[in-house]
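Thanks for asking me to look this one over. My notes are below, starting with a single helix and then moving out to the whole chain.

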Amino acid sequence: MRIAHISDFHLPAKPGQKLNGALPDANLIEALTVLKKQSPKPDLIVLGGDLLEDGQKGNYEAIVDLFKDVQVPLHTVAGNHDDLKGLKKSSLVQKSNGERGYGSFDQGNAHFILLNTTRAGKPHGNIEEQQLLWLSEDLWSNRDKPVVIFMHHHPIDSDVPWLD
C-alpha cells in the first residue's frame, strides 16, 4: 500500500502571502503536482495537520478544492495551528470522527487510526484519557490487522528543544 503523508502546509489567510520567507500556497501546489504524477498512485493520502497558519482565519474549503482532482481517499488529523471546529465543518474530516476529532478506518487489509493530539491554544500535544481508552479498545478490536497510527505531534521527545 502506498501512503502519501503531507503535513504542515501553514497556508496563510491571504493566498500568495509569504510565511517565514516561503510561499506555502505555491509549495503545496508543487507537492500536489508531483503527487498527481506518481505512478502508481498512492492508495491513501493523510493530511497531517497544521493545514492553515491560523485555523480561525483560514479557509479549509480552499484545501478541499486543491485536492478535489486527486481521486484518492483523503483523511486528516488536526494540528496545533488548526481550528478543530472549522476543520470539522469542512469535508476534510470524516463525519465518523464526530466531535472527538479522532477515529479509525480500514483500507485494504490494514487498520488506520487518526489521533487528535491538539490542545486549544497550546503548541504542544497531548492525548487525553478518554481518547487513550478509545485507542486501547480500537487496537484490541483490530489486533489481527496491521495498524498504522497518524497524529500531528511526535509521541516521544525528539531531543530538538524547539520541537519538544
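1. Helix 1 covers residues 24-37, and its 14 residues reach 20 Å from the first C-alpha to the last. That is close to the 20 Å expected at 1.5 Å a residue. Please keep in mind that this is a predicted model.

2. Which residues of helix 1 are buried? They are Pro 24, Asp 25, Leu 28, Leu 32 and Leu 35. These residues lie on the same side of helix 1, because they cover an arc of only 100° around the axis.

3. Now for the other face. Turned away from the buried side of helix 1, it carries Glu 30 and Lys 37, which are exposed.

4. What covers the buried residues of helix 1? The cover includes two strands, strand 1 (3-6) and strand 2 (44-47), together with helix 2 (60-67).

5. Stepping back to the fold, you will find four helices and six strands in the protein chain. Read from the N terminus, their order is β-α-β-α-β-α-β-β-α-β.

6. On overall dimensions, the protein chain has a radius of gyration of 16 Å, which agrees with the value near 15 Å for a compact globule of 164 residues. Its C-alpha trace spans about 45 × 40 × 35 Å along the principal axes.

7. Lastly, packing and surface. Of the 164 residues in the protein chain, 40% count as buried. Among contacts with a separation of 6 or more, 67% come from residues 24 or more positions apart. The protein chain exposes about 9,700 Å², with carbon and sulfur atoms supplying 52% of it.

Methods:
Residues are numbered from 1 along each chain as its sequence is written. This is a predicted model: local features need pLDDT of at least 70, side-chain atom pairs count only at pLDDT 80 or more; totals for chains, interfaces and linings use all residues. Side-chain values use heavy atoms; hydrogens and water are left out. The expected span of a helix is 1.5 Å times one less than its number of residues. Buried means under 20% relative accessible area, exposed over 50%, partly exposed in between (1.4 Å probe, protein chains only). The arc is that of the directions from the helix axis to the C-beta atoms. Contact means heavy atoms within 4.5 Å. The radius of gyration is taken over C-alpha atoms; the globule rule is 2.2 Å times the number of residues to the power 0.38. Accessible areas come from the Shrake-Rupley method with a 1.4 Å probe; for residues, only the protein chains shown count as cover.
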